[in-house]
Every structure is written in C-alpha cells, then in structure tokens.
Amino acid sequence: DSGSGSGSGSENSRYLGSNDPLAQMSALDMMQTKIIPLSKKNHFIDNWLDSVNINETLIQMVKGKHPFCAGSALQILSSRIRKRTFAITGTAEMNRSATMTPAIFIQLLITFSKQINDEVEKIAYIDSVSSFACQNNIHLEMILKNDDLRESWLSLQLGQHKMKVVVMNSIAMVMDANSQKQKTYHNNNVNTVVDTMDIDHEEEKEEEEMGTVGISDEMSVILYKAIGKVNDVSGDNNTTDIIMDQVKSPLIEVRLGAYELLRATASRGKGAHLMLAYGGFLEFLLSRNVETVKEGKELKYNIVKAVLDSEVKGLLTDEIVSLLEKYIADGPYYVRAVAADVLFE
C-alpha cells in the first residue's frame, strides 16, 4: 500500500546513502527488482524515485565510478528518465525529472563508456544505452549522433562472443520498442494539453498521443545501417553482410542473437527490403539446412514470418511469396521426407 511503499523507500534511501558498499549494492538491487516495478502502480514510490536526492546519489555513483555500484546506478537512471523533457509552463512546477534530463544522461554515458573495466560493466553500459534509446526517436538520435556512444554500443568487433550477443539483442530490443503503439498526433498548443492533464496517471497516454513513445520505422532503418558503418571492414558499410557473418557462427548463442536482430529489422519499414537486397539472403530464408538447433529453427521461422508481414511483400513476385508462405505453412521443424529406396541404397 502507499504507506508500505513510502516506508520501504525511506529504508532504501538510508542504505543507498550509507558508506557500506554491501548495503548500497543491496539497495540498488532492491530498486531494480522490486521498487521500480512497484512504482508503475504506486505514485508515492514513483515520486520517491524521482526525488532530487535519489537522482543525485545515483549520478555521483556513476560520475565517481563507484567500484561496485556505478553500472547498476547507470541502469536505474536510464529507466527513470521521463520521456517528456520540456517544462510544464503556467505553473511553478517544473519537469519532475529536471535533475536527470536526456542531455545529462548522455554525459553520464560518455563518462562511463571511457572507464569500462570489465564485461559486467560493459553489459550494464549496453543495457543502459538501449534502455535510453528505445524510449523515443530523439533519444536514439542523440546516441547515434555521438561518435563515442555509437561506436561503443554497436561494435561487434571487440570482446568475446557473449558481448556480440548482448549487442545484437540490445539493438533488436530498441527496434521492437513500442512499434505497435506508434500514432500520428499533432497539437499546436502542447502546453495546454500538458497543463490540464493528470501527470501521475495520464503521462504515458499523453506521450503516446503526441508521438513521443517508441521508435519509428525510419529511425529503426537508420539504426540498422549504422551497424554497417561502425563495423565496416570491407568498405561497403553493408549491415546485412556483417550480420550474416554472425549467422554463420558455429556458436548457437551468436546465431540466435543474429536471428533476433534480423527478425526485428524485417518487421520495421524498409528493413526487410534491405535484407533481401543482400545476395543469397532469400536462399538463406528458404533453406531448411542452415540451422539444426530447435531454438534456431524457431527464430529463423520468425524472420520469414516478419518478411511476409512486412511492406516488402508487395514488391516480391508471386512465386517468391508462395515459397515463403509454404515455409510458414510447413512450420519451423519441417524436414523433407526421403524416399525409402534412397534410405536403403
């Protein structure tokens, strides 16, 4: 209830502000696993998380490169940035998250990216970038326009195979962000809409109507192309070529990450068109022999389904559409039957 939420918040504040690293780590874990999920239904907790003291404590953990808590603090801040970044005019109240604006968070990301020491911190960084980027087009554009952030997020050239999977999954997550909620809405008097709304309970609804939630098809395609520019080794900046190299990996984890990224891309605007323009991609889609693992077959099936559901379908010949539809009708595990006389030869 409201009281218990407020009480748990006060206790967590004490742990967060203590000098005991274990207590601080426990407080951050509590925030990530319990308090933040509860804040979606409890506005007392939501207000507590937006308080200046909490934000400043988390910011200092990142800026000061806390040896145990910087990564977790960055992840929490990325999830708490309000999508509405303008001030509420006509009242004395300013944006509740004015102490953690997108511009400030970008600077924190830059600071953190230059001090990454291990895989755990790298994963926390990538998670924070994608969590921030998937909120809206403006955030994603801010990331892609910064050379340091774009390179450190999208690079598939450094690190172990685990990091490649993390990177590809994070990109897919951004492409998937609220794509089903995109709306076109124009209002020449935004302040009037904001001033008269119930901030605590109507915020997400109003943001969706204003078109500030989620990533557009156009920005998803820009993101996909950026992968090629960052990982360019041949000079042609072909993202599909790079991802198909990951599809050929002997490691199932890497292949699954590549499939997930291709599936997310195919579902957005001209994404499927970019992939089908790659020589041999259609043959890869229709082949039943390129993947042997159950999870891989399922994800590859989802790519075919995404292509058929995309706008590129209208540009394909009837023959190709029929082949793709047969692939879907046969299911992900279909194996062509072998004649008995062949088996006994």
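Begin with the salt bridges: in this predicted model, the count comes to 12. To see one that joins separate helices, select Lys 162 and Glu 119, whose side chains meet in a salt bridge with N and O 3.5 Å apart. Lys 162 belongs to helix H10 and Glu 119 to helix H7 (residues 119-133), so this pair ties together parts that are 43 residues apart in sequence. With the surface switched on, Lys 162 is partly exposed at a relative accessible area of 43%, and Glu 119 likewise counts as partly exposed, at 34%.

Next, select Arg 150 and Asp 147, which form a salt bridge whose closest N and O atoms are 2.8 Å apart. Both residues lie in helix H9 (residues 147-154), where they are three residues apart, about one turn of the helix. Is each partner buried or exposed, or something in between? Arg 150 has a relative accessible area of 18%, which is under the 20% limit, so Arg 150 is buried, whereas Asp 147, at 47%, counts as partly exposed.

Move on to helix H18 (residues 294-309), in which Glu 298 and Lys 294 are four residues apart and thus separated by about one helical turn. These two residues form a salt bridge, with the closest N and O atoms 2.7 Å apart. Glu 298 counts as partly exposed at 25% relative accessibility, and Lys 294 is partly exposed at 49%. Before leaving the charged residues, select Asp 176, Glu 260 and Arg 263 together, since these residues are linked in a network of salt bridges.

Now turn to the aromatic rings, of which a search of the whole structure finds five pairs. Select Tyr 259 and Phe 284: their ring centres lie 6.3 Å apart and their planes meet at 20°, so the pair is stacked. Because Tyr 259 lies in helix H15 (residues 252-266) and Phe 284 in helix H17 (residues 281-286), the pair ties together parts that are 25 residues apart in sequence. Tyr 259 is buried, with a relative accessible area of 0%, and Phe 284 also counts as buried, at 6%.

Add Phe 281 to the selection, and a second pair appears: the rings of Phe 281 and Phe 284 have centres 5.5 Å apart and planes at 50°, so this pair is tilted. Phe 281 and Phe 284 are three residues apart in helix H17, a separation of about one helical turn, and Phe 281 counts as buried at 0% relative accessibility. Together, Tyr 259, Phe 281 and Phe 284 form one aromatic cluster. Lys 300 can be shown as well, for it lies over the face of Phe 284, at 5.4 Å from the ring centre. A further charge over a ring is found at Tyr 334, where the charged end of Lys 326 sits 5.2 Å from the centre.

For the interior, select Met 31, Leu 58, Trp 153 and Leu 262, which touch the most other members among the 88 residues in the largest nonpolar core. The largest share of this core, eight residues, comes from helix H10 (residues 161-176).

Finish in the loop between helix H4 (52-63) and helix H5 (70-80), where Phe 68 lies. Phe 68 counts as exposed, at 52% relative accessibility, and with Leu 22 and Met 25 forms a nonpolar patch on the surface, with about 340 Å² of accessible area together. Lys 65 lies in the loop between H4 and H5, but is buried, with a relative accessible area of 15%. Lys 65 has a positive phi of about 50° although it is not a glycine.

Methods. Residues are numbered from 1 along each chain as its sequence is written. This is a predicted model: local features need pLDDT of at least 70, side-chain atom pairs count only at pLDDT 80 or more; totals for chains, interfaces and linings use all residues. Side-chain values use heavy atoms; hydrogens and water are left out. Patches are made of residues with over 30% relative accessible area and no salt bridge: like charges are joined within 9 Å, nonpolar side chains (Val, Leu, Ile, Met, Phe, Trp, Tyr) within 5 Å. Accessible areas come from the Shrake-Rupley method with a 1.4 Å probe; for residues, only the protein chains shown count as cover. A salt bridge is a side-chain nitrogen of Lys or Arg within 4 Å of a carboxyl oxygen of Asp or Glu. Helices (H or I, at least four residues) and strands (E, at least two) are DSSP runs, numbered from the N terminus. Buried means under 20% relative accessible area, exposed over 50%, partly exposed in between (1.4 Å probe, protein chains only). A nonpolar core is a set of buried Ala, Val, Leu, Ile, Met, Phe, Trp, Tyr and Cys residues joined through side-chain atoms within 4.5 Å. Rings of Phe, Tyr and Trp (its six-membered ring) pair if their centres lie within 6.5 Å; planes under 30 degrees apart count as stacked, over 60 as edge-to-face and the rest as tilted. A charge sits over a ring if NZ of Lys or CZ of Arg is within 6 Å of the ring centre and within 35 degrees of the ring normal.
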